[in-house]
Structures are given as structure tokens and as C-alpha cells.
Amino acid sequence: MSETKALEAMIGEEYKYGFSTDVEYEDFPKGINEDVVRLISQKKNEPEWMTEFRLKAYRAWIEMEEPSWFNATYQKPKFDTLQYYSAPKNKPKLDSLDDVDPKIRETYEKLGIPLEEQKMLSGVAVDAVFDSVSIFTSFKEKLAEAGVIFCSISEAVQNYPELVKKHMGSVVPIRDNFYAALNSAVFSDGSFCYVPKDTICPMELSTYFRINNMNSGQFERTLIIAEDNSQVSYLEGCTAPMYDEHQLHAAVVELVAMENAEIKYSTIQNWYSGDEDGKGGIYNFVTKRGICKGDNSKISWTQLETGSAVTLKYPSVILKGDNSVGEFFSVAVTNKMQQADTGTKMIHLGKNTKSTIISKGISAGRSNNSYRGQVKISKKAENARNYSQCDSMLIGQTCGAHTFPYIESANPTGKIEHEATTSRVGEEQIFYLQQRGLSEDDAISLIVNGFCKEVLKELPMEFAVEANKLLGIKLEGSVG
Amino acid sequence: MLEIKDLHVVVEEDGTEILKGVNLKVNKGEIHAIMGPNGSGKSTLAKIAAGHPEYEVTKGDILYNGESILEMDPDERAHAGIFLAFQYPVEVPGVTNTTLLRESYNTIANSRGREELDPLEFDDYIKDKLELVQMNPDFLERSVNAGFSGGEKKRNEIFQMAVLQPKLSLLDETDSGLDIDALKIVANGINQLHGEDDAVVLITHYQRLLNYIEPDFVHVMIGGKIVKSGDKTLAYKLEEQGYDWLEAHAKVNGEAV
Amino acid sequence: MALPTQVEPSFLHRLAKHAPDSGNWTAIREQSLKELNASPFPHKKIEEWRFIDLKPFSKIEFTSLDDAGTLPATDIEKFFLPESDRSRLVFINGRYNEKFSSIGGLGNGVTVGNLNSFTDNSVVEKYLNKLVDYENDVFVPYNGLMFEDGAFIHLEKEAKAEAPIQILNIYTDSKKAFVATPRMLVVAEEDSDVTIIEDHIGLSGNEYLTIPVCEVKTKQRAHIHHVRIQRDSLNALHVSRPIAYVEKNSEYHSYTINLGAKLARNEPKVIQEDEEVDFTLDGLVLIDGEQIADTHSTFDHRFSHADSHQLHKVVVNGKAHSIFNGKIFVRRDAQKIDSFQENRNLLLSRDGLVNTKPQLEIFADDVLCSHGATIGQLDPEEVFYLQSRGMTEEKAKEVLTYAFALETIENMKVESVHKLLIEEVYRYTKANSVAKITA
């Protein structure tokens, strides 16, 4: 409950803890048309080909219909009144953590977020020692030494145009879907990562990201390329509750893994999920896809989805290279009036390709949680293998859990195994743990963590602990 | 330490009365055995003392160290030192024994103002306790009771008791489902854990556990009441004659036994 | 429900003008016509039809049954079940045939006959067309508009049918493709018990479309064992919509065996009407060549305490295509549901295709629902094991395929049906001479 209040306070109308709504927007027209798209490109000083890319996407988008096939209902965004470009915001600075809403701090503390980081997350000016710029610099140096390019996508467009040109839109084509087309037309910023041949990225691309890339805007664009024999692990998001004034988030993430390359992409998403009655909250409509282009390559998605009012997201892998491996590990928690329709697609094209899907959905409150997945073994995918396990847990009697797995095989040498179960947190389990001294909330948290264990262990170490706590906080008071 | 006064208890869901006026007094350092046929209310007595939400007290009181605990949550009772060894230990998939015990130990330690143990210290601490019930250390990394045999589950309960060091232990049919070797191990564990400052209540259907643990008092429960109390010789008599004579006795004497 | 006001007319809409006007079911026809005119012919953009290849429909020029020039049925005695010697209804192209039918051996309290002879029956009045679900497409309303005859089975309280009832649907050769609309109504009152064998047989290889609609009501403590065997012409289209309502403490067990038809779409649905019910929807699909078999089943748990099971087994060879969508709904307040669904697919050929979508929609927390789906070939370990016991690889594969398919028909209560299905499975396994399989 405290989290809700913290968030409500955070986005509350009065902003009594010093947050200010009058973020400085440049004078930019609302709504969208070709001129607006051109203007965005111009503001970002983009080369002609990038402008063309955006315009092509825009033209595709206006022809497309907003999808409605998923298991969620919500007020459609009003595209003609959105503001599609905003200049980097000047975040108000507070003098010390004492100025931050104590409830927000309480949440940070529960999550165990380090003090200095708490400051950054809550907009307190940080001292020189732990300055984000200095971190940025030291990371940059280390990465540069290894030859890894890691920068914002805007910088990449300027500095590495050939790489961006070659790969952007190659995994998620402009016309892929309604929101991907919109993103391609108006994307704000995001990350670009290029790991050259025979290189193992020397660090998790996470800590840096967590601090610096908080404000990529509502149309985030990420592109990660791992060349032959390279490896990279990337984490986006953070456990701390994130507030964003944009209701619609339509990101696109593209991953390209060449021969023997390995990309691990982890997400922790805890955006504002709206109040008890489903008012407010973020729409999180993301297109994430990776391609295992080279033989023996591997792409692994891990996600912990706890926030947003509506989440529609299916991180997918196209297994093109022979012997390539795709993985999807997911925990999706919905509470209150949240709706999540999430899952993955594993498209087997190459020989001996292998995919694993482990999905854990937890529904509480009056929420609805859907797993939607597709596993496809195409005609030429000799000896392809898939194993899927989709478990749902319901807490209370007013929520729903849904499973929509689409499974297809066109090759007799392929093998697909899919299992799904539904269970609940039992009263007897809670009593047992309480008898051993745990409070009811801790008992639930422990049971839920046990349920999600196989997925949580895939998260980078430093986030696993926070993730554990986050689950507990999300479900506080949901039984009883 | 524990005083139960005229306790009446019903099943919350349908109002069926299970306990119909139970009186019991357990002092520090004592071992009590509560025996009785199936359905007599023995297990309910243990569960209600631990605060099981399925039951409701309609009359009477449970005092622990002189104070009523009826309003306390199950975890608060655990903090106060009440331990229930479950007749049917619950499975918690994905949660390892170590995790559960460390969480439990530290919350209880915390509430009693003791130092919490960090994972390394805790590891050392529980290794000793393992030996008490002769359990293999890889047992610690298995999920709580999940896939355990009946005997393993029961031994796990006593192991948890050893780790948590309760003041009052309610052992609900801990002997059922154990072969003779396991029974000896469990009994030995209980004997070693028991001391002058704590009390043990054994709930059992059979007398055989009492061959290994010597109770100070034996109570017989029939139809939701304690109909007879005595010393350990009462247990021998029950073993020889069964419960019939007491049931008949109870009938003759009506509700007043 | 908002119905589309305008729909693209299909051949079924056009054939509607042949609806019998002197029929006995005026109200049903009126309602059905309204539904038909408001409902579109399925197309791929509808989620429920997205995997189905609708080409077989568009290629055939259908005419009404009367214009089709159907040939008489001959030599059909071989399809009579010996157990149903005096409990058999025969329908030729959906029309009742008194000569081949034989009733009277069912004991007290069991009424069996042609629906058309029971127009004044209060049970018929109460239930006929009342249990159907229109599904917003053309098939159920088309049946409702066109049917004249149909099977009527009624069991009074505590009545036990002394013999299994065979509903034999024969489709004869014809000059042109026709549309048949077999109809069934089964009402089992309290404590009654009945076994029904519904058989669809195409005598020739001609093209036709059959749209059987079956309504079943299982009242308290009643038991129904319902076997449905589909042996249509390999050029036939078969769209069936059986629906069963189950009351307290009743049991409904349905087994569908899909062998024939070029395109078979089967949509069984079981709806729980009260607590404590037990139901089964098993299926076996054996297809080859260019056959398409599509099963869309629904379990609708609306009350607490239900046991429901589904085992759907599929063997695909040649260029055949199997589709399965098994929906399990558990509505709010439907607690203590134990539901298990298993879909196992054996894909034997290079050109075959399997789509499966086991779907759970759960709105209650105290339930135990699980499903499993597998697609694959025979287990190489098992093949090796049999080879090590002296079988050739071909033989080993044949035996294993046979065993795979056989599991679903173990529950057949009627001896001759059991035997018949074993033969069908054997024939399929043999014909598909699994030797063709590339290992």
C-alpha cells in the first residue's frame, strides 16, 4: 500500500514535496503530421536518411489500425493531442533526501536502494564523488578500452550512421505493428550498443543505464548488435517506482546476435500502475525482438513486469542461425486494476534451434494477467526444440489469469512441449509460515518468490535482491 | 506457562463445535501428552493455540505466561515462543529450508531483542542442529517439504524446532508415519531440546512415542473435552484397554467428566 | 450482442431460400433466419478461424439437397452395431429413414425417435434449439433453418437405456454437392443413464457439407456416454456443434473420433450448470492426405466442484493439417475446479502441419487447472527399444503409432465400437506405412 501512496504522492496534483510540473517544454506543436515528424528529425539534427526513415514509418502508421486483439481494455490514446517531442527536461533539484516524500524514501529503503542512488532517483543533487558524469566517464573509458560502443541512439545516428542504418528496422520492420510504426516515426531516444567481434563486454550494461537513461522519453528506441563471438548483458529499468508524465510508452528494442554471439537482455519494469480504481497509470506497449542471425548464437530475455496500468509486450526471438538458442524468462505481477498481456514468440527457422520459455504470472486485486505466446517450428527447422512452462498464481477471488499459447510445428523432427498450471497461495501455506514467525505479508512474499525462483535467478545478481523485495511490496496486503 | 480455560471452539466456516470446554495447565519444564481417538479434538487444540484461522473461540481463554493470546496473530505467537509441529507439514515450492529458517530465526530473534545472524553465522548455527535429527546437509537446499517423504517432513519439523528454540512446543502427531528408527531419532531430538525453561505438549494417537519420551502428565481427550488426566501409567492403561472404557465412563458421567 | 448489420452473402445465405415452408418449427426457423442473415461466413481474420484453410468451401458449388440428385443408400447394414439391434435411428443425408431404423428395445421410460414425430412433445418444446449457441456465424442458424428430421432421445427419471443407441448418419453419393443438416436432441432426466453412438459415414467419395447440431441436457445425477465417430467422405466438409449442459452430480463423457472429411471443424462445448459435475471431452484425430481437422472445444466451469478432463490426441501424416484450440474457462466463484487438459500431437510427415492452442481463462483462485501440449515425432528411445527386441524400424514405428492412438479409445463402453475403432486405428497405421517417415 505504501508504494501506491508514494506514487500517488509523487504524481499527485499538488507536488508538495518539491516536484514541479512546469518542466520546460520547448514550444513544440501537439499532434502528429509529416511536418511534426520532420521537425523532430530537424531538432535532433538528423541526417537525411534518418528523416526519410521516420517519414516512411509515419506514412505506414497512418494507414494502420490500432490493434485490439489482446486481452485488455483501456481508453485509447488520443494521438492527435500528444506531444511527440520534448526537450531534455530540467529536473528540479532538491537539497537533500530530507526533502523527499518520506513515503517514497520508505519504498526505496524497502527495496534496499543505495543512498546515493536514492538521491538520483528522487532528483536530489548528488555530490561530486558520486556524480553521474564521473561514473559515465569511467564506464566509458572501460568500455572504450574493450572496443564496445555504448551511447544514446541519437549520438549513434550522428557518430555511427552506417551501423544504425544497417540494423535499425532490420529486426522490427517499420510496418511490423501499429506501435512500432509510431515509434519509428517519432522515437525520442534510447540506447545503442555495439559489441565488436571476439569481445566480451567487460561489465553489465546496467548500473550506468539505471542512472543515466531514466529520461529517454515515451518513444524509446534501443538497438544492440553483438558481432561474431561477442557477449553482452544489458539491463533496463529499475525496481524503484518510476513516474512519467507520459501515459503512453511505445518502445522498440532490436537485438542482433551474429555467429556465436550472446545477448542477455533483462528488464525490470515498475512504472506507475494507476490507483485502486484503475485511474491513471502508464500504457506500456513495447515491441522487443531479437534475431539470432548467426549460427550458435543466443538471445535471452528476462523480464520482471510489475508496473504500468496496461502492458502489452512480447519479447521475441527469431532463431535463424543453426544451433541458435532463444530464452524467455518472465515474471508478470498484476494487482489492483492492472492488465498485463505479455509473453513471447519463438520462431524457429534454423536447424537444431532451441528455445525455452518460463513464464510466471501472478494476479491479485482486480487485475487480469495473460500469457500470450507463440512457438513456431517452420518446415526447414530440423530438430528444433521448445520447452515452455507457463504457471499462474492467483491471489484472491477478483482477479483473472489467462493463458493463450499458440503452438505450431511444420517439421516432424521438431519437438514442442508446453505445460501450464494454475494454483493459488493457500491459506494453510500462509499459516505454516506465520507459525514459523513470519508476518502474513512476508509469508506471501516468500511463497511468491519461491514460485518465481526459476525466473529471478536469471536476473543479474545485484538486482535479484531488489527484485525479491519488489515482489513483496507489490503484493502487500493482497490477501485477507 | 500455558493455561487453557473452559475453551470452546467452532469451525469458522460451518460453526461445528469441536472443543467443548477444555481445561489444561502446563508449567515450565513439564512434558504433557494428550491422547485420544480420532476426531476427539486433539489436533484442533494444538492448532487453535497456534492461532489457526480456520477456527474460532466462542468461549473460554488461552493464557500464555499469564496473558490471553486469543487476539494475537499466528506470527506474534511464534515470536512469543509458541511452536507447532504440524501433523501435515505444508509444502512451499521454491523456498529452501535454509531461506525459511533464516527468515524465521531472524524475525523471532529480532522480536526477542536478540542479534540476527548473517548467512554465514546462520550456516554454522544450523549445521549443529542438523545432526540432532541426523539429516543430510543437502536437505537444507531443498524446497520446504516439497517432495519429502512423510518421515522426512516430520523430522524437518523437529529440526525447525531445534533451530527456533521455542518455549512451548506443541507436537501434533509427530510420531505418525515414522518407522521405528526415525521415531527414535525424533524422540531423542525432542528429549535433548527439552529443558527446565520450556514445555512440551505431545499430541498422539498411540502410546509408542511415550516409550521414548517420558511425559509428566497424560491427558485423554474424547468428544472435545479432557475426560481423564493422570501420570504416565494412564498411557499404559490406554495401550492395554483402548479408549472404550473411558468413552463408556464419559457417557455414564454425562458432560461432567 | 451487436450483430453486424450487413454481411457478405455466402452460399449458405443463398441456399436459405430452399428452407422448408411447411415445416413444424416455425419459431425456430424464424429465429434462425434472422441469425443467419446477420452472421458472416467465417474468414481468416476472425481469431477462431485464423488457422483454417477455407479454400475447400469456396471451391465447391453447393446446391440444395433436393437439387443434388442424391443416390439411394445401399449396403448399409454393415454399419449397424449388433448391440443396437433394436435401438437404432438411421438418417440418410440428414433425413430420417424409417426402413433402416429400429426402435423398441430400450425399456421403460426411454423415448427414441424422429424429432419430426414429436412436434407436440413438451420436452422437445422446452429444449429444442434452446440450448444452442449461435456463435455469430452461419452454421448453427443454417441448421436451424433447414432441418426437418432429427434424432430425439429422452430418458425419464431413473430410466436406464438397456442398449446403446446408435444414431447412424449416412451420406450418399450425389451428382452435385449438397448441404445436410442432421439434428439431435438428448434430454436425460434425473438419475437416468444412456450410451449414444453417433456415427457419420460417407458411402462414396463425393463432395458434400454436413452441419450436425446436437443439444444435450444432462439433469441431476444422470449419466451420458456419447461417442461420435466421423467417417465422412474424404471430399466432404463437416462442421459440427455439439453442446451439452450438465446439472448437479451428473456426468457427461464425450469421445470424438475424427477419421474422415476433407475439412472437419468440430466445436464441442460443455457448460456446467451446477456444482459437483464430472465431464470428459476426449478426441482422437487421424488424418492424412490433404485432410484438415480442426477442434475448437470449450469447458465452461460456472460453479464450484467440477472434475473435467480432456485428452486430445492427433496423428498427422501426408499434407494434413490439424488444429486444436481447447478453451478452459473457470468463472468467478467457481472454486475447487479440477481441470486437466492434454493435447498430444504426432507429426509424421514432412508436409504435415500442427497448430495447437491450449487456452486457460481462470477467474477463481481455488482451482487446479493444468494443461500440457506436445508436438513431436515418435520417441527415438522407444523405437530403439522395440528394435532391440527384434522389430524392424518400420514395424516399431507402426506399433508405437498404433499404441499412441489407441489410448483414447480405451474408454469405449460398447464392445463393437471398441473393436471397430481398433480396426480403424490399425488401418490408419498400416495405410500410413510409417516406413515412409524419414527418420
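A polar contact is a pair of N or O atoms within 3.5 Å, where, within protein, one atom must be able to donate a hydrogen and the other to accept it. The views below come from a predicted model.

**View 1. Polar contacts and a salt bridge join chain A to chain B.** Across the interface of chain A and chain B there are 14 residue pairs in polar contact, both residues of each pair being at pLDDT 80 or more. The elements that give two or more residues to the side of chain A that touches chain B are helix H11 (427-435) and helix H12 (440-456) of chain A, and the largest share of that side, 8 residues, comes from H11(A). Sorted by class, the residues on this side of chain A divide into 7 nonpolar, 6 polar and 5 charged. The interface of chain A and chain B also holds 1 salt bridge, in which the side chains of Arg436(A) and Glu157(B) meet at 2.6 Å, N to O.

**View 2. The area buried between chain A and chain B.** In this contact, 18 residues of chain A touch 35 residues of chain B. The size of an interface is often given as the accessible area lost when the parts come together. For chain A and chain B the buried area is about 2,100 Å², and carbon and sulfur atoms give 63% of that area. Phe431(A), Tyr432(A) and Arg436(A) supply 34% of the area that chain A buries against chain B, which is more than any other three residues.

**View 3. The contact of chain A with chain C.** Here the contact takes 35 residues from chain A and 36 residues from chain C, and the area buried between the two chains is about 2,900 Å², with carbon and sulfur atoms giving 47%. Of the area that chain A buries against chain C, 22% is supplied by Tyr406(A), Pro412(A) and Thr422(A), more than by any other three residues.

**View 4. Salt bridges, polar contacts and paired strands between chain A and chain C.** The interface of chain A and chain C has 3 salt bridges, among them the one that Glu382(A) forms with Arg350(C), where the closest N and O atoms are 2.4 Å apart. Between these chains, 20 residue pairs are in polar contact, both residues at pLDDT 80 or more. Strand E18 (400-409) and strand E19 (415-424) of chain A are the elements that give two or more residues to the side of chain A that touches chain C, and by class this side has 12 nonpolar, 16 polar and 7 charged residues. E18(A) pairs in the antiparallel sense with strand E22 (residues 353-362) of chain C over 6 bridges, and within E22(C) the bridge partner of Thr403(A) is Leu360(C).

**View 5. Lys129(B) and its surroundings in chain B.** Lys129(B) lies in helix H4 (residues 119-132) of chain B. With a relative accessible area of 16%, Lys129(B) counts as buried, because buried means under 20% relative accessible area. When its neighbours within four places in sequence are left aside, Lys129(B) is in contact with Phe159(B), Ala162(B), Val163(B) and Gln165(B). Lys129(B) and Phe159(B) are 30 residues apart in sequence, while their C-alpha atoms are 6.6 Å apart in space.

**View 6. Chain A taken by itself.** Chain A has 13 helices and 19 strands, and 64% of its 480 residues count as buried. Among contacts in chain A between residues at least 6 apart in sequence, 84% join residues at least 24 apart.

Key: Residues numbered from 1 in each chain as written. Chains lettered and ligands numbered in written order. Predicted model: local features only at pLDDT ≥ 70, side-chain atom pairs only at ≥ 80, totals over all residues. Heavy atoms only, no water. Contact = heavy atoms within 4.5 Å. Buried area = accessible area lost by both parts, 1.4 Å probe. Salt bridge = Lys/Arg side-chain N within 4 Å of Asp/Glu carboxyl O. Polar contact = N/O pair within 3.5 Å; in protein donor to acceptor, adjacent residues only side chain to side chain. Helix = DSSP H or I, 4+ residues; strand = E, 2+ residues; numbered from the N terminus. Nonpolar A, V, L, I, M, F, W, Y, C, P; charged D, E, K, R; others polar. Pairing = 2+ DSSP bridges. Buried < 20%, exposed > 50% of the residue type's maximum accessible area, 1.4 Å probe, protein only.
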